[in-house]
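Please work through the exercises below with the sequence and the coordinates open beside you. Each task is followed by a solution that goes step by step.

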Amino acid sequence: MHIDELRDYCMSKKAVTEEFPFDESTLVFKVMGKMFCLTGLDRWERGEPAINLKCNPEKAIELREEYDGTVIGGYHSNKKHWNTIFIDKAMEASELKKWINHSYELVIGKLTRAQKEDLKNL
C-alpha cells in the first residue's frame, strides 16, 4: 500500500476528515472528530511506512504475536488500544484494509447516541 492508497481508502469512509493536529508531518484521519488512523509522512518519505490503528485489546495482542516485529504496541499511543503497523512490500493491502476497518468500527462504536444518529444521517 502506498500513502495515496491509504489516504484514498480512509477518506472513502463516511464522515472522515484528515488533519495535522500534532505537527506538519503526522497525518491523522478522524471519524466524527475521533482518531482512527494516523501516520508520519516523514516515515513514508524515508521508505519506512507505518500507521497507527485503534484495535480491540485482545486482537491487538494476537496481531503482535502473529506479526512479531511488524505489529507493535502503538508508538506514542496507548499500547492497550493502539497498534503501530510497519508496512512492508509483502503485506497485502487487503489485510491492512481489514485492520483500518476494524479501527474505524471501534471508534464508531464508542460514539455517543447523538453522534451515531448524525453519522447515520450523513
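A crossing of two helices is left-handed if the near helix is turned anticlockwise from the far one by less than a right angle, and right-handed if clockwise. This is a predicted model, in which local features need pLDDT of at least 70 and side-chain atom pairs count only at pLDDT 80 or more, while totals for chains, interfaces and linings use all residues. Residues are numbered from 1 along each chain as its sequence is written, and side-chain values use heavy atoms, with hydrogens and water left out.

**Exercise 1. Describe how H1 and H4 pack, including the handedness of their crossing.**

Step 1. Helices (H or I, at least four residues) and strands (E, at least two) are DSSP runs, numbered from the N terminus; here the helices concerned are H1, residues 3–11, and H4, residues 93–109.

Step 2. Axes are lines fitted to C-alpha atoms, for helices over the stretch in contact, and angles run from 0 to 180 degrees between N-to-C directions. The axes of H1 and H4 are 11 Å apart and make an angle of about 40 degrees.

Step 3. Angles under 35 degrees count as roughly parallel, over 145 as roughly antiparallel, 65 to 115 as roughly perpendicular and the rest as oblique, and H1 and H4 are therefore oblique to each other. Their crossing is right-handed.

Step 4. With contact taken as heavy atoms within 4.5 Å, Leu6, Tyr9 and Cys10 of H1 meet Lys97, Ile100 and Asn101 of H4. Sorted by class, this contact has four nonpolar residues, one polar and one charged, where Ala, Val, Leu, Ile, Met, Phe, Trp, Tyr, Cys and Pro count as nonpolar, Asp, Glu, Lys and Arg as charged, and the others, Gly among them, as polar.

**Exercise 2. Establish the strand order of the sheet and explain why E1 and E5 stand at the edges.**

Step 1. Two strands pair if DSSP finds at least two bridges between them, and on this basis six strands form an open sheet with antiparallel pairing, in the order E1-E2-E3-E4-E6-E5.

Step 2. Strands E1 (16–19) and E5 (71–73) each have a single partner strand, so one side of each is left without a neighbour in the sheet. From one strand to the next, the twist averages 25 degrees.

Step 3. Six bridges join E2 (residues 26–31) to E3, with threonine 26 opposite glycine 40. These two strands form a hairpin with two residues between them, and methionine 32 in the turn has a positive phi of about 55 degrees.

Step 4. E3 pairs with E4 over three bridges, and threonine 39 stands opposite isoleucine 51. Five bridges then join E4 (residues 50–54) to E6 (residues 82–86), where asparagine 52 has threonine 84 as its bridge partner.

**Exercise 3. Decide whether cysteine 37 and isoleucine 61 are buried, partly exposed or exposed.**

Step 1. Buried means under 20% relative accessible area, exposed over 50%, and partly exposed in between (1.4 Å probe, protein chains only).

Step 2. Cysteine 37 lies in E3 and is buried, with a relative accessible area of 0%. Its strand, residues 34–40, has five of its seven residues buried, so E3 is largely enclosed by the rest of the structure.

Step 3. Leaving aside neighbours within four places in sequence, the contacts of cysteine 37 include Leu6, Cys10, Ile51 and Trp82.

Step 4. Isoleucine 61, in helix H3, is partly exposed at 46% relative accessible area.
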